[in-house]
Amino acid sequence: MSEDQKKSASNGHDEMVVSQELQAKITEVRGLIGQLSDKESAYCSDASISRYLMSRNSNVKKAAQMLKQSLKWRKEYKPEEIRWEEVADEAELGSMYRPNYHDKCGRSVIIMIPAIKNSKSTETLKYLVYCMENAILNLPAHQEQLVWLVDLKGIKMSDISFKMARESIRVIQDYYPKRLGLVILLNAPIIFQPFFKMIRPFLETEMYNKVKFYYWDDHNDKKNLEDLFDMDKLESAFGGNGDRGFDINKYAERMKEDDNKILSFWTQVKSVS
């Protein structure tokens with residue numbers, strides 16, 4: 001498989017210049033993970049291995065083990081094969097989605113609104129993985145990270161699941177290392193604080209440091225959001241001037257188009273393998 005194809009699978013646009021020291025460690029990791037299939041190789045670009053190394057403080061053995069587990073998970077869970085039709089019911093009310101804009105750093109954005117409940121919800125984790133894969137697919141050149149914007153306004157304890165939160169944290173930390181650049185918890189009510197304390201032990205230090213609590217009635221927090229986002233694109237629900245509502249039909253069309261891009265890529269991989 002060519003390096004260009006590896007980049008496409010890794011995030012769509014992985015491009016990086018590495019030091020000789022880092023390149024040597026990347027080579028060591030490749031040696032430890034052994035022979036790979038073409039599909040597995042697609043997720044082992046230099047940029048991808050570099051993220052695993054950074055996540056494990058440049059420890060080659062730990063990074064290689066983490067990458068092996070991630071490849072095993074991908075082989076079993078097949079996140080790249082999840083299609084819109086499989087998660088459409090989960091998505092229909094707009095409780096989680098990727099808006100059609102990036103932040104000012106070029107990072108893809110995933111919006112979550114836990115207070116919106118879907119009575120047919122059975123595939124929340126699967127949909128989260130789908131959103132992660134889709135957000136990575138839509139990263140621009142030279143950008144590897146995502147932003148989560150979690151609107152907690154009006155949330156009740158019955159809206160959130162400790163089990164789901166713990167499992168989501170595990171998946172993101174173990175299988176998407178260094179992908180989250182920022183997690184914004186917006187307008188968290190007092191009742192959310194005990195819940196956050198419960199999940200805090202499951203957050204690695206790096207992940208914990210990326211979590212920021214913002215409140216609209218705080219001038220500095222509002223300024224931070226204005227610095228992060230184009231306010232003409234950010235939804236009005238979050239203080240912006242963008243679209244007022246989630247349109248499931250338009251969103252479905254976008255997701256189906258992206259599904260076709262993924263299918264086309266893997267067809268190309270198979271044709272040269």
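**Notes on two cavities and a helix pair**

1. Let's start with helix α7: no element gives more to the lining of the second largest cavity, where α7 supplies 3 residues. Keep in mind that this is a predicted model.

2. That second largest cavity has a volume of about 50 Å³. Its lining is made up of P79, E80, I82, R83, Y130, E133, N134, D259 and I262. Besides α7, helix α12 (248-272) also gives two or more residues. Sorted by class, the lining has 4 nonpolar, 1 polar and 4 charged residues.

3. Now for the rest of the search: across the whole structure, 2 cavities of 30 Å³ or more turn up. The largest has a volume of about 120 Å³. Around it you'll find S55, I172, Q173, Y176, P177, K178, R179, L180, E204, E206, M207 and K210. Helices α8 (162-175) and α10 (205-209) each bring at least two residues to this lining, which divides into 5 nonpolar, 2 polar and 5 charged residues.

4. Back to α7, this time for its packing. Helix α7 (residues 124-137) packs with helix α5 (residues 60-77) at an angle of about 115°, and the axes are 14 Å apart. The two helices are therefore roughly perpendicular to each other, and their crossing is left-handed.

5. Who touches whom here? On the α5 side it's W73, R74 and Y77, and on the α7 side L125, K126, V129 and E133. This contact has 4 nonpolar, no polar and 3 charged residues. One to look at is E133, which is in the α5 contact and also lines the second largest cavity.

Methods:
Residues numbered from 1 in each chain as written. Predicted model: local features only at pLDDT ≥ 70, side-chain atom pairs only at ≥ 80, totals over all residues. Heavy atoms only, no water. Axes fitted to C-alpha atoms, helices over the stretch in contact; angles between N-to-C directions. Helix = DSSP H or I, 4+ residues; strand = E, 2+ residues; numbered from the N terminus. Parallel < 35°, antiparallel > 145°, perpendicular 65-115°, else oblique. Left-handed = near helix turned anticlockwise from the far one by under 90°. Contact = heavy atoms within 4.5 Å. Nonpolar A, V, L, I, M, F, W, Y, C, P; charged D, E, K, R; others polar. 1 Å grid on protein atoms, 1.4 Å probe; cavity = no way out; pocket = protein on both sides within 12 Å on 5 of 7 lines; lining within 4 Å. Points joined across faces, edges and corners; volume = space filled by probe spheres on them.
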